[in-house]
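Here are some comments on the model you sent, set out as numbered points. They begin with a single residue and widen from there.

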Amino acid sequence: MKSSLWQRLDLLARSLWPFTLTLLLLIVSVVPLRIPYFAPISPGFPLISVYYWAIHRPTILPAPAVFLLGVLHDLLGGAPLGVGVLVLLIVYGVCTSLRRVFLGAPFTAVWFGFAVTAAGAAVVTWVITSLLFTEVLDPSALIFSYLLTVGLYPAVGHLFARAQRSLPQQL
């Protein structure tokens, strides 16, 4: 039986849901809020998303989508172009290769894995950015951003888990 146009559009919309949700969270993380000193310590929502989807449904958020999200994050966030892309693609590659370790693991193990992954991503970001600016940058804002990102992982992960339940299994 052939699916109708509406069924195909529904399937397309559901398959784009993780990318769209990540894009919305990316925009939220770079929108200038009137909170003093918040911009340098904004949470790494794209990192949370790449980690989550690379473990749970890597076909839903493939590497080209991660690349596009990284470029948008660099452009909107004002980072040196390519740093965010590289970090997100490294995280994606590491997480897809360790996917079997985290699938079925307790949430605390997945959260600990995220904390380690986010720490590695923060260090790589700091090193590359320091090299590009040819000076050692103050890591304090990056540390606070890391802590905020790790602290927000359970809430954002829960949001992604609810979104994942709405996705068909064949995607």
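1. Leucine 61 is a useful place to start in this predicted model, and if residues up to four places away in sequence are not counted, leucine 61 touches Phe19, Ser49, Val50, Trp53, Val66, Leu69 and Tyr92. Leu61 also appears, together with Tyr51, Phe114 and Phe160, among the four residues that touch the most other members of the largest nonpolar core, a set of 35 residues.

2. The elements that contribute two or more residues to this core are α1, α2, α3 (63-77), α4 (83-97), α6 (107-133) and α7 (140-165). Which element gives the most to this core? It is α2, with 9 residues.

3. The packing of α1 against helix α2 (residues 45-56) deserves a separate comment, since two packed helices are described by the angle between their axes and the distance between the axes. For α1 and α2 the angle is about 160 degrees, and the axes lie 8 Å apart. Because angles over 145 degrees count as roughly antiparallel, α1 and α2 are roughly antiparallel to each other. On the α1 side the contact is made by Pro18, Thr22, Leu25, Leu26, Val28 and Ser29, and on the α2 side by Phe45, Pro46, Ser49 and Trp53. By residue class, this contact of α1 with α2 divides into 7 nonpolar and 3 polar residues, with no charged ones.

4. Threonine 22, one of the α1 residues in that contact, lies in helix α1, which covers residues 5-30. Is threonine 22 buried or exposed? Its relative accessible area is 0%, so threonine 22 is buried. Not counting residues up to four places away in sequence, threonine 22 touches Pro46, Ser49, Trp53, Leu69 and Phe160. Ser49, Trp53 and Leu69 are also among the residues that leucine 61 touches.

5. Leucine 24, also found in helix α1, has a relative accessible area of 48% and is therefore partly exposed. From leucine 24 to valine 71 the separation is 47 residues in sequence and 15 Å in space, taken C-alpha to C-alpha.

6. Histidine 56 has its place in helix α2, and with a relative accessible area of 21% histidine 56 is partly exposed, because buried means under 20%. Leaving out residues up to four places away in sequence, histidine 56 touches Arg99, Leu103 and Gln164. Histidine 56 and threonine 125 are 69 residues apart in sequence, and their C-alpha atoms are 25 Å apart in space.

7. Two buried residues in later helices can be read together. Alanine 121, in helix α6, is buried with a relative accessible area of 8%, and aside from neighbours within four places in sequence, alanine 121 is in contact with Leu47, Val87 and Val91. Alanine 121 and leucine 86 are 35 residues apart in sequence and 9.6 Å apart in space, C-alpha to C-alpha. Threonine 149, in helix α7, counts as buried at 4% relative accessibility; not counting residues up to four places away in sequence, threonine 149 touches Pro43, Gly44, Ile48 and Phe114. Phe114 is one of the residues named above as touching the most other members of the core.

8. I would draw attention to the backbone at threonine 134, which lies in the loop between α6 and α7. Most residues other than glycine have a negative phi. Threonine 134, although not a glycine, has a positive phi of about 50 degrees. At 72% relative accessibility, threonine 134 counts as exposed.

9. Finally, some remarks on the chain as a whole. The protein chain has 7 helices and 0 strands, and from the N terminus on its elements run α-α-α-α-α-α-α. The radius of gyration is 17 Å, close to the 16 Å that the globule rule gives for 171 residues, so the chain is as compact as a globular protein of that length. Along its principal axes, the C-alpha trace spans about 65 × 30 × 30 Å, a figure to be read alongside the radius of gyration. Of the 171 residues, 37% count as buried. Among contacts between residues at least 6 apart in sequence, 77% join residues at least 24 apart.

How values were computed:
Residues numbered from 1 in each chain as written. Predicted model: local features only at pLDDT ≥ 70, side-chain atom pairs only at ≥ 80, totals over all residues. Heavy atoms only, no water. Helix = DSSP H or I, 4+ residues; strand = E, 2+ residues; numbered from the N terminus. Buried < 20%, exposed > 50% of the residue type's maximum accessible area, 1.4 Å probe, protein only. Contact = heavy atoms within 4.5 Å. Axes fitted to C-alpha atoms, helices over the stretch in contact; angles between N-to-C directions. Parallel < 35°, antiparallel > 145°, perpendicular 65-115°, else oblique. Nonpolar A, V, L, I, M, F, W, Y, C, P; charged D, E, K, R; others polar. Core = buried A, V, L, I, M, F, W, Y, C linked by side-chain atoms within 4.5 Å. Rg over C-alpha atoms; globule rule 2.2 N^0.38 Å.
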